[in-house]
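Visitor: Please take me on a close look at the empty spaces in this model. Which residues and elements line them?

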Amino acid sequence: MNRLNKLFASKNNNLLSIYFTAGYPALNTTVDIAEALEKSGADFLEIGFPYSDPVADGPTIQHSSECALENGMSLKVLFEELAELRSRVSIPILLMGYFNPIAQYGVERFCKKAAEVGVDGIIVPDLPIYEYEKMYSSYFIDNGLSNIFLVTPQTSEERIRKIDELSNSFIYLLSSSTITGYNLKLSDSVEEYYKRITAMKLKNPTIIGFGITDSSSFAKACNYANGAIIGSKFVKLLGEEGYMDKIDGFVRGIRP
Amino acid sequence: MKIKVCGLKHPENINAVAALQPDYVGFILYGKSPRYMANLATDALQTIPASIQKTGVFVNESSENIDRLVTEYGFNAVQLHGDESPEFCAAFKGRVTVIKAFGINEDFDFEQLKDYANNIDLFLFDTKTKEYGGSGKTFDWAILDQYKLDIPFFLSGGVGLENIKEVKNITHPQFYGVDLNSRFEIEPGLKNIEKLKEAFKIIKNKTQQMKYGVNEQGYYGDFGGAYIPEMLYPNVEELREQYLNIINDDDFKAEFDDLLKNYVGRPSPLYHAKRYSEKYGANIFFKREDLNHTGSHKINNAIGQILLAKRLGKKRIIAETGAGQHGVATATVCALMNIECVVYMGEIDMVRQAPNVARMKMLGAKVVPATSGSKTLKDATNEALRDWIGNPVDTHYIIGSVVGPYPYPDIVARFQAIISQETKAQLLEQTGKELPQYVMACVGGGSNAMGMFYHFIEDEAVKLVAVEAAGKGVNSGESAATTALGDEGVLHGSRTILMQTEDGQVVEPYSISAGLDYPGIGPQHAHLFKTGRGQYVSITDEEALQAGLLCCQLEGIIPAIETAHALAQLEKMKFEANDNVVICISGRGDKDLDTYINYFGY
């Protein structure tokens, strides 16, 4: 049982996850930020590795990716930084990024290396079910990594069932069909979508992401799922002066 | 899985169906059927190859008449569609293949089939109707689980392109084949050959015969697929499910052909360039896509996709553009169809191609600058994809090249295939031969090249030459020569060859031509390159500009700088005197006048 499964076994509501881009605002900050987030109470983390063409991301995360690339962040550098991860951080860690950098690094090598530094799961938005299942799933499974799939309000029930079957930690529910960094509007149709998912009684826990910015949107999301993820809003904070000292207040503000 | 095409009655149509090589063809000899082959000459079936079983379909006919018709038409099989008894069937067994048809509904008693088991060769299970066959409707195929005999069966009734994939999923051990009829017709008895072709392709998964074509999962060899975020999945899936049905539909084709002819001005001329022919020692032909309305080949695809979008019920169009040609083409067709149009264009390209920005605005499109990344074509594509993520229901994304997630590369290739289709006919008329020795075109993403290659790809005697932009030189660090500099990876939703760093970051390409500075190529091009079917070369800015000027001076044609790359390659080729060489003049040079002027100092 990896750290993610242990976490979900011990706690199934109000789970808070934070996303940040590795290498932003500077190199050698990944583990420092992760450690600070754990101390302030985050339940698990997503560490983004940057890509030149992040089609699913809005301006904030695009900007952080550009800066990270300029700073010299790469998968190689990230894995070097993460070498000390498990001596300092104990909550579950996921890596999140686009497929091409992984393909260049080598999918098998990437999975091995991720497991070696203590990563628990991977989120690759542009690696769809078919390709994952047909070509790569064994590398993930052999290395004990959970692969996280995304579900949107447009995803069909049949496909959600398939995703549930292929998942072994949690399912990432998108608050709406959008790129990252837009505010969650809890319209009737979104609420209906959450209710539809709840009624499906999936075997995996669900975590809502995209558009969660503060304690109120976090609380709303937690009405329908086991927890929620904050990304762009936190990445914005990392762009501010003295961000390390603001992390604790930010996280505690989300879940008072 | 065997394929039977049933209900033929017109000689030319029979030959066209036979050319597809089904396993069985069926002729209905029942007077009440709209597909009754009355008055068909007895020798009309003689041209059908012996590998195809000719089947006579009868309903409660006398055995004398069946015998007579079997002899007259040379049937190899009889299909008995009425209330024929086991004994009646047995009389034909051994002489011809005997197929006994039954109409199935939820109350069907499979027990009654036992008595037929030793007296026939095949069953055919059709949808139960009051009349005999021809309902065009399916029955619930799950019922077939109740069938336990060991006589193989054909499945019939309502099989069409929209459910053919479900047919492929039938795992019944006695499932023998599928009977295609009314869902593949223009009118009763007249088959739609294009639709049948699609069905054959799906059923036979013809990757072998179509060595360079796309398979069902959207792959060309190692390349293609749909590497897209889940947010785009429903959009792409909707297209994937519907595009073949829509574009093979007769109404669609009629509207597409009409617009190509009367709005675009097709067919575009195939011009025998005499001074070029003299200079290069071969018969050089120009396929004049520059003469199309809006000045390039891009309009072919834009017309096709706007008709597709209309049939999908979309209310809004988005597009990306590099040089602006595709943006102008898209803005044009949106004006034509009165549909809202948003074009994403790199901020840098907007400056380089200001006249095209103005054109798009005049045509009523909103031009949105892409300010992310390198602010050129690839970023415009990213922005368009982001827009589509946010607008999944009412918006269609008109991709301008043979790139992007499957089915886009196939959609765009099909709409551009008109280029090679016309070329074949024009070559035949002008030279007496359909196939040239060479076809040549420039490649950015590769849509004009794919259109130029499309109908020649499977004819391996035709050499395909694709010309990329080397920019300031392949090794200068400022180039767009993707096959020379790229590696395999994933860009804009498909596995292909792209220019990237060791860490998998996309490298910004460079070319003087805004239409060629794309860091990838379409997945089918990647496949043609990797298999060696196509020759991929590159031409520098300078070589292209010189070739553009030469074309003005020798033939009185100012080509787009993109096209000038293909023309420049002629300098490097060695032809035989009788070689026929077709080069795609993908666009006209008006939009590039500033660049030409700056370079030559006019």
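**Cavities and pockets**

Guide: Six cavities of 30 Å³ or more are counted. On a 1 Å grid over the protein atoms alone, a cavity is a set of points where a 1.4 Å probe fits but cannot get out; a pocket is an open set with protein on both sides within 12 Å along at least five of seven lines; and lining residues have an atom within 4 Å of a point. Grid points are joined across faces, edges and corners, and a volume is the space filled by probe spheres set on the points.

This is a predicted model, where local features need pLDDT of at least 70, side-chain atom pairs count only at pLDDT 80 or more, and totals for chains, interfaces and linings use all residues. Residues are numbered from 1 along each chain as its sequence is written, chains are lettered from A and ligands numbered from 1 in the order in which they are written, and side-chain values use heavy atoms, with hydrogens and water left out.

Take the largest cavity. Its volume is about 390 Å³. The lining has 33 residues, and B:Lys298, B:Ser401, B:Gly445, B:Ser447 and B:Gly515 lie nearest the centre. In chain B, β15 (316-321), α10 (325-337), α13 (377-390) and α16 (447-453) each give two or more residues to this lining. Helices (H or I, at least four residues) and strands (E, at least two) are DSSP runs, numbered from the N terminus. By type, the cavity lining holds 10 nonpolar, 19 polar and four charged residues. Ala, Val, Leu, Ile, Met, Phe, Trp, Tyr, Cys and Pro count as nonpolar, Asp, Glu, Lys and Arg as charged, and the others, Gly among them, as polar.

α13 of chain B also meets chain A. The buried residues of α3(A) pack against it, and against β1 (15-21) and α12 (232-238) of chain A. Among those buried residues (under 20% relative accessible area, 1.4 Å probe, protein chains only; over 50% is exposed, in between partly exposed) are A:Thr60, A:Ile61 and A:Cys67.

Now the largest pocket. It holds about 1500 Å³ of space. Of its 45 lining residues, B:Lys165, B:Tyr233, B:Glu237, B:Arg240 and B:Glu241 are closest to the centre. Chain A supplies two or more residues from each of α8 (129-142) and α9 (157-166); chain B does so from α4 (164-168), α5 (193-204), α6 (233-247) and α14 (408-416). The largest share, nine residues, comes from α6(B). This lining divides into 16 nonpolar, 10 polar and 19 charged residues.

The second largest pocket has about 1200 Å³ of space. Its lining has 40 residues, with B:Glu194, B:Lys197, B:Arg414, B:Tyr454 and B:His455 nearest the centre. α5, α7 (250-264), α14 and α15 of chain B each supply at least two residues. α7(B) gives the most, six residues. The split is 18 nonpolar, seven polar and 15 charged.

Look at one residue of α15(B). B:Glu422 sits in this helix, residues 418-431. B:Glu422 is buried, at 10% relative accessible area. Its side chain makes a polar contact with the side chain of B:Lys287, at 2.7 Å. A polar contact is a pair of N or O atoms within 3.5 Å; within protein, one must be able to donate a hydrogen and the other to accept it, and residues adjacent in sequence count only if both atoms are side-chain atoms. Beyond four places in sequence, B:Glu422 is in contact (heavy atoms within 4.5 Å) with B:Arg266, B:Pro267, B:Ser268 and B:Lys287.
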